[in-house]
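User: I am new to this structure and would like to go through some of its side chains. Could we begin once it is displayed?
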Amino acid sequence: MGDLSLPERLYQQNPERFEKIPDKIYREIHSLTTLMCVDGYVKIRNGVLLVHRAEEPAKGIWWPLGGRRIRGLSRSNSIIKAAKRETGLDVEIIEELGTEDVFFNTDPPWLGHGMGTDTTNTVYALKLIDPDQEVIIDKTISNSRIITPEEYDREKGSFHWYVEKYLPMVFSL
């Protein structure tokens, strides 16, 4: 444990403290600052997993897995944890693809501040550790799909710019 930083040690001692910020504190953070997030496009068979978000700010949008970077975890460990939490999948990183600023006009209704959402997202290409795993979505996701390059070509232009930018990169890996 001697090589770990203080935030890493604190996370290991009490992960729940950092994974679930109390609503009142998170409301204030969310309304005043840019959130650091991680997103991952998971290669599965001949396609890439996209999820349909059930919650704002990306409700109803096909989106990669991901979420807020957790204090005490690296960006790469945060995306691996998010993939497991959202879909039950055990993944590993193929490559870090980039970083994007993403702005939404909406914020989660339970926050209620009405100031939108501002994120800086590190984007990863991921692959399954066990190719036979099944996707089991959590309550933050209303649906999931594995999109193939052929389907993407037919539907190109119907996705959020962020998905349009990164899907072709992941298909090419």
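User: Which side chain of opposite charge is nearest to Asp 39?
Analyst: Arg 53 is the nearest, 5.2 Å away, and Asp 39 is buried yet has no salt bridge. Buried means under 20% relative accessible area, with a 1.4 Å probe and protein chains only. A salt bridge requires a side-chain nitrogen of Lys or Arg within 4 Å of a carboxyl oxygen of Asp or Glu. This is a predicted model, in which local features need pLDDT of at least 70 and side-chain atom pairs count only at pLDDT 80 or more, while totals for chains, interfaces and linings use all residues. Residues are numbered from 1 along each chain as its sequence is written, and side-chain values use heavy atoms, with hydrogens and water left out.

User: What polar contact joins the side chain of Asp 39 to another one?
Analyst: The side chains of Asp 39 and Asn 121 are joined at 3.1 Å. A polar contact is a pair of N or O atoms within 3.5 Å; within protein, one must be able to donate a hydrogen and the other to accept it, and residues adjacent in sequence count only if both atoms are side-chain atoms.

User: And where is Glu 164?
Analyst: Glu 164 belongs to helix H6, residues 161-171. Helices are DSSP runs of H or I with at least four residues, strands are runs of E with at least two, and both are numbered from the N terminus. Glu 164 is also buried without a salt bridge, and Lys 156, the nearest side chain of opposite charge, is 5.4 Å away.

User: Which side chain has a polar contact with that of Glu 164?
Analyst: That of Tyr 152, at 3.0 Å. In addition, the Glu 164 side chain reaches the backbone nitrogen of Gly 157 at 2.6 Å.

User: Changing topic, is Trp 63 buried or exposed?
Analyst: Trp 63 is buried, because its relative accessible area is 5%. It is found in strand S3, residues 62-63.

User: Which residues form a cluster with Trp 63 through ring pairs?
Analyst: Tyr 41, Phe 104, Trp 161, Tyr 162 and Tyr 166 are linked with Trp 63 in that cluster. Rings of Phe, Tyr and Trp (its six-membered ring) pair if their centres lie within 6.5 Å. The count comes to 8 aromatic pairs.

User: What sits over the ring of Trp 110?
Analyst: The charged end of Lys 20, 5.5 Å from the ring centre. Here NZ of Lys or CZ of Arg must be within 6 Å of the ring centre and within 35 degrees of the ring normal. Arg 145 lies over the face of Trp 62, at 5.4 Å from the ring centre.

Methods: Rings of Phe, Tyr and Trp (its six-membered ring) pair if their centres lie within 6.5 Å; planes under 30 degrees apart count as stacked, over 60 as edge-to-face and the rest as tilted. Buried means under 20% relative accessible area, exposed over 50%, partly exposed in between (1.4 Å probe, protein chains only). Lys and Arg count as positive and Asp and Glu as negative; His and the chain ends are not counted.
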